[in-house]
Every structure is written in C-alpha cells, then in structure tokens.
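Trainee: I have just opened this structure and would like to learn how its descriptive words are earned. Could you take me through some of them?

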Amino acid sequence: MRGIFITGTDTNVGKTYVTNLIARQLRAEQKRIGIYKPVCSGAEISPTGNLIWPDVESHFQALEGQFERERICPQIFKTAAAPPVAARLEEQTVDAELLQAGFDWWTSQVDLLLVEGVGGFLCPLTESLSIADFAIQLNLPLVIVAPLGLGTLNQTLLTIEAIRHRGLNPAGIVLNQHIASENNVVEASNPSELAARTDVRILACVQFGQVDVLRDPLTQCTIEWEGLAKISSD
C-alpha cells in the first residue's frame, strides 16, 4: 500500500481540508483511496444534539461514506487538546498499538492511503510518542500544510528541518489561506520567499474559499499524488 502523510506547521492550518481535496481528486481519477487519522480530539454538538468530530465527518464525506468512521479514525476524545491530554482528562489513554493496527487495516482496502496527523509535526500523540515518532514508524513522504500569512516562513522552515533531522522526506508544501485575510503583501510573498529558502517543492497555493482541486502554482496542472506516494516501511 502506498501512502502520503499530511502534517502541518500547527493546528488549524487546513490539514483536513487539504487531505479531502487530495482524496476527492484521486477518487475522481478512479483510484482506490482511504483516509486515516489515528486520533481525533475535539467534539462538537450537531444540529440534532449528537456529538460529532468534524474532521472525521469531513473525511467520511470525502470518501462518500465508503468506509466506516471507526476505520477512518479509531480513537476519539471529546476535549479539544493534544490527544494524550484529552485522553487523560477523560480518564482514558491513547492506545499506542491501535495507531499501527488502524493503519494496517487499510492495506487490503485501498491502493493509496492519506494519513492525516494531529496538530503540528511535534504534537504529542501518546504519553511517550509524538506525531514525528509515528511518521518515522510509517516512513511515508510528508506533505506540509502551512498557512498563508505572517509567520509561515519560520514555521514552515522549522517543520522542514525537524522532518529532515529525523531522516524523513518532506515531499512538498501546500500553502493554505485557511481564514479570510486582506494582508495581501505578506501572503503574496510567501511562495517566493519560501522557494528562495528551501528546495522543498511548493505543490499548491490555496486561496480562501476558491479551490476545489489543488494545482501546481507554476503550471496550473493537477498534482500527481501517486508519484509522491511510497510504500510504507511498516
């Protein structure tokens, strides 16, 4: 099974949104695609009064209901906090063995799996493991989702450095305008400034509310995600 690990420079930068755009593109190309988010913390109340986890619901919809929510995300917590903190507050623990087992289930189900991380690259995942540790365990190429705006140069370059320090491959960057903004000078400069400071490819620049498919900013062609993916090291 081939896969791509989608990580972020921080929480709430659009990892779920970008993951869903990739999934929808690949499904439109008739590819067998899955999405796996090992842990999700932060529930909301639906209009019907039920608890829902928005990231999980979003992935469920992107996959058109083909896979059960429990396969997309086998561990959920109500509190909006780092997973081990949320688990502790709810007198539970994050099941470290289930992290890998949940990933392995997808092997016979899809040809390419999109793995979405939690928070930023160094976010705690269990009491002893971080997202970075889980990424090492899977050894998949990483796509970094970074916000368009002030501060993204530092955050993105630090994330690239942390990824490479662990012997992993940063396969590309998606710059995402995750909130409406009028800071056009800074946002317009982000792609060129990053390109001058790193050799990691900028895969796409997403303007707020204006994208239904990710495209290369230079060629305007859709991205060949299968070419970026690789076989998990298990």
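Mentor: Gladly! Let us begin with a definition: contact means heavy atoms within 4.5 Å. Keep in mind, too, that this is a predicted model.

Trainee: Then which residues is Gly-14 in contact with, leaving aside its neighbours within four places in sequence?

Mentor: Gly-14 is in contact with Val-145 and Asn-176 once those neighbours are left aside. Gly-14 itself belongs to the loop between strand E1 (2-8) and helix H1 (15-28).

Trainee: What makes Gly-14 count as buried or exposed?

Mentor: The cut-off for buried is under 20% relative accessible area. Gly-14 has 16% relative accessibility, so Gly-14 counts as buried.

Trainee: And its partner Asn-176, is that residue buried or exposed?

Mentor: Asn-176 has a relative accessible area of 2%, so the word is buried. This residue sits in strand E9 (residues 170-176). Not counting residues up to four places away in sequence, Asn-176 touches Val-13, Gly-14, Tyr-17, Val-145, Ala-146, Pro-147, Leu-148 and Val-206.

Trainee: Val-206 is in that list. How far apart are Gly-14 and Val-206 in sequence and in space?

Mentor: They are 192 residues apart in sequence, while their C-alpha atoms are 10.0 Å apart in space. Another pair to look up is Glu-224 and Ser-41: they are 183 residues apart along the chain, with 31 Å between their C-alpha atoms. Glu-224 is found in the loop between strand E10 (202-206) and helix H9 (225-228).

Trainee: What makes Glu-224 buried or exposed?

Mentor: Exposed means over 50%. Glu-224 has 67% relative accessibility, so Glu-224 counts as exposed.

Trainee: Let us turn to charges. Why is the pairing of Asp-55 and Lys-37 called a salt bridge?

Mentor: The term asks for a side-chain nitrogen of Lys or Arg within 4 Å of a carboxyl oxygen of Asp or Glu. For Asp-55 and Lys-37 the N to O distance is 3.6 Å, and the pair meets in a salt bridge. Asp-55 lies in helix H2 (residues 54-62) and Lys-37 in the loop between strand E2 (33-36) and strand E3 (40-41), so the pair ties together parts that are 18 residues apart in sequence.

Trainee: How do you know whether Lys-37 is buried or exposed?

Mentor: Lys-37 has 4% relative accessibility, so Lys-37 counts as buried. Asp-55, with a relative accessible area of 26%, is partly exposed.

Trainee: Which residues are linked with Lys-37 in a network of salt bridges?

Mentor: Asp-55 and Glu-116 are linked with Lys-37 in that network. The side chains of Lys-37 and Glu-116 meet at 3.1 Å, N to O, in a salt bridge. This pair links distant parts of the chain, 79 residues apart, with Glu-116 in strand E7 (residues 112-116). Glu-116, at 1% relative accessibility, counts as buried.

Trainee: What separates Glu-193 and Arg-197 in helix H8 (residues 184-197)?

Mentor: They are four residues apart in that helix, so about one helical turn separates them. Their side chains meet in a salt bridge of 2.6 Å, N to O. Glu-193, at 29% relative accessibility, counts as partly exposed. By the salt-bridge rule, the count comes to 10.

Trainee: Now the helices. Why are H5 and H6 called oblique to each other?

Mentor: Their axes cross at roughly 45° and come within 12 Å, with H5 covering residues 96-104 and H6 residues 131-138. Angles under 35 degrees count as roughly parallel, and 65 to 115 as roughly perpendicular. The crossing angle fits neither range, so H5 and H6 are oblique to each other. H5 passes H6 in a right-handed crossing. Leu-99, Gln-100 and Phe-103 of H5 make the contact with Phe-134, Gln-137 and Leu-138 of H6. Those residues divide into four nonpolar, two polar and no charged.

Trainee: One last topic: what is notable about phi of Gln-30?

Mentor: Most residues other than glycine have a negative phi. Phi of Gln-30 is near 65°, a positive value in a residue other than glycine. Gln-30 is in the loop between H1 and E2, and at 69% relative accessibility Gln-30 counts as exposed. Phi of Glu-91 is also positive, near 55°. Glu-91 has its place in the loop between helix H4 (83-89) and H5, and counts as exposed at 76% relative accessibility.

Methods: Residues are numbered from 1 along each chain as its sequence is written. This is a predicted model: local features need pLDDT of at least 70, side-chain atom pairs count only at pLDDT 80 or more; totals for chains, interfaces and linings use all residues. Side-chain values use heavy atoms; hydrogens and water are left out. Helices (H or I, at least four residues) and strands (E, at least two) are DSSP runs, numbered from the N terminus. Buried means under 20% relative accessible area, exposed over 50%, partly exposed in between (1.4 Å probe, protein chains only). Axes are lines fitted to C-alpha atoms, for helices over the stretch in contact, and angles run from 0 to 180 degrees between N-to-C directions. Angles under 35 degrees count as roughly parallel, over 145 as roughly antiparallel, 65 to 115 as roughly perpendicular and the rest as oblique. A crossing is left-handed if the near helix is turned anticlockwise from the far one by less than a right angle, and right-handed if clockwise. Ala, Val, Leu, Ile, Met, Phe, Trp, Tyr, Cys and Pro count as nonpolar, Asp, Glu, Lys and Arg as charged, and the others, Gly among them, as polar.
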